[in-house]
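Here is a short note for a colleague who is new to reading structures. Please keep the sequence and the 3D view open while going through the points.

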Amino acid sequence: MYTLRDDLDGLRLAEPESPDVWLVFGGRRHRVASPAVYQALFSGAEDIIFSEDIPSITMGPELNDGTCLARPAGSHMIFLVTGRGPVRKYHIPTYESFTDFGFNEGAVIDVPALILEAVELGGELTSAFERTRRAPDTIQIPTQASTTEG
């Protein structure tokens, strides 16, 4: 049985004794297809979490050759653009999510805006940590009304 795990969004996972690295977003695990793709996205390997539970996470499309981080020229918006079939862009809405995912600022490619406008939007990449930081305070502490006895 596969499970969507949006609580892991933004993490890079690997199984012990396996060379595969998986990026979790949208609750799904996406295999990073090659060392070249890994280097096109991430600054290092220090944040990889080793887990034996990876096979239980629902699988998403592979991050294959051509996957990169792109910014429309003259903009501050950054997208994860997936490689071959189907090509999609995922907006990274905040710098906090960008860093939570471990993306490399130096790897962002500036491209003509027209190119990115032609790519289908796959959604937003918001890390689980960023969603937690932005969540409204849902815990309410009950207060007792003062009563005056006469």
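The points below take up a sheet and then some salt bridges in this predicted model.

1. The sheet. Four strands make up an open sheet with mixed pairing, and their order across the sheet is 3-2-1-4. Strands of a sheet pair through backbone hydrogen bonds, in either a parallel or an antiparallel sense.

2. The edges. Strand 3 (28-32) and strand 4 (48-50) are the edge strands; each has a single partner strand, so one side of each has no neighbour in the sheet. On average, neighbouring strands of this sheet are turned by 40 degrees against each other, with direction ignored.

3. One pairing in detail. Strand 2 (residues 21-25) pairs with strand 3 in the antiparallel sense, over five bridges. Across from Phe-25 stands Arg-28, which belongs to strand 3.

4. Salt bridges overall. Side chains of opposite charge can pair when their charged atoms come close. How many salt bridges does a search of the whole structure find? The search finds nine. Three of these pairs are taken up below.

5. Arg-31 and Asp-20. These two residues form a salt bridge in which the closest N and O atoms are 3.3 Å apart. The pair links distant parts of the chain: Arg-31 is in strand 3, while Asp-20 is in the loop between strand 1 (12-14) and strand 2, 11 residues apart. Arg-31 has a relative accessible area of 22% and is partly exposed; Asp-20, with 25%, is also partly exposed. A network of salt bridges links Asp-20 and Arg-31 with Glu-62.

6. Glu-120 and Arg-88. A salt bridge joins the side chains of Glu-120 and Arg-88, at 3.6 Å from N to O. Glu-120 is in strand 9 (residues 120-124) and Arg-88 is in strand 7 (residues 88-92), so this pair ties together parts that lie 32 residues apart in sequence. Glu-120 counts as partly exposed at 47% relative accessibility, and Arg-88 counts as partly exposed at 24%.

7. Arg-133 and Glu-130. In this salt bridge the closest N and O atoms are 2.8 Å apart. Both residues are in helix 4 (residues 128-134); because they are three residues apart there, about one helical turn separates them. Is Glu-130 buried or exposed? Glu-130 counts as buried, because its relative accessibility is 5% and buried means under 20%. Its partner Arg-133 is partly exposed, with a relative accessible area of 47%.

Definitions and conventions: Residues numbered from 1 in each chain as written. Predicted model: local features only at pLDDT ≥ 70, side-chain atom pairs only at ≥ 80, totals over all residues. Heavy atoms only, no water. Pairing = 2+ DSSP bridges. Helix = DSSP H or I, 4+ residues; strand = E, 2+ residues; numbered from the N terminus. Axes fitted to C-alpha atoms, helices over the stretch in contact; angles between N-to-C directions. Salt bridge = Lys/Arg side-chain N within 4 Å of Asp/Glu carboxyl O. Buried < 20%, exposed > 50% of the residue type's maximum accessible area, 1.4 Å probe, protein only.
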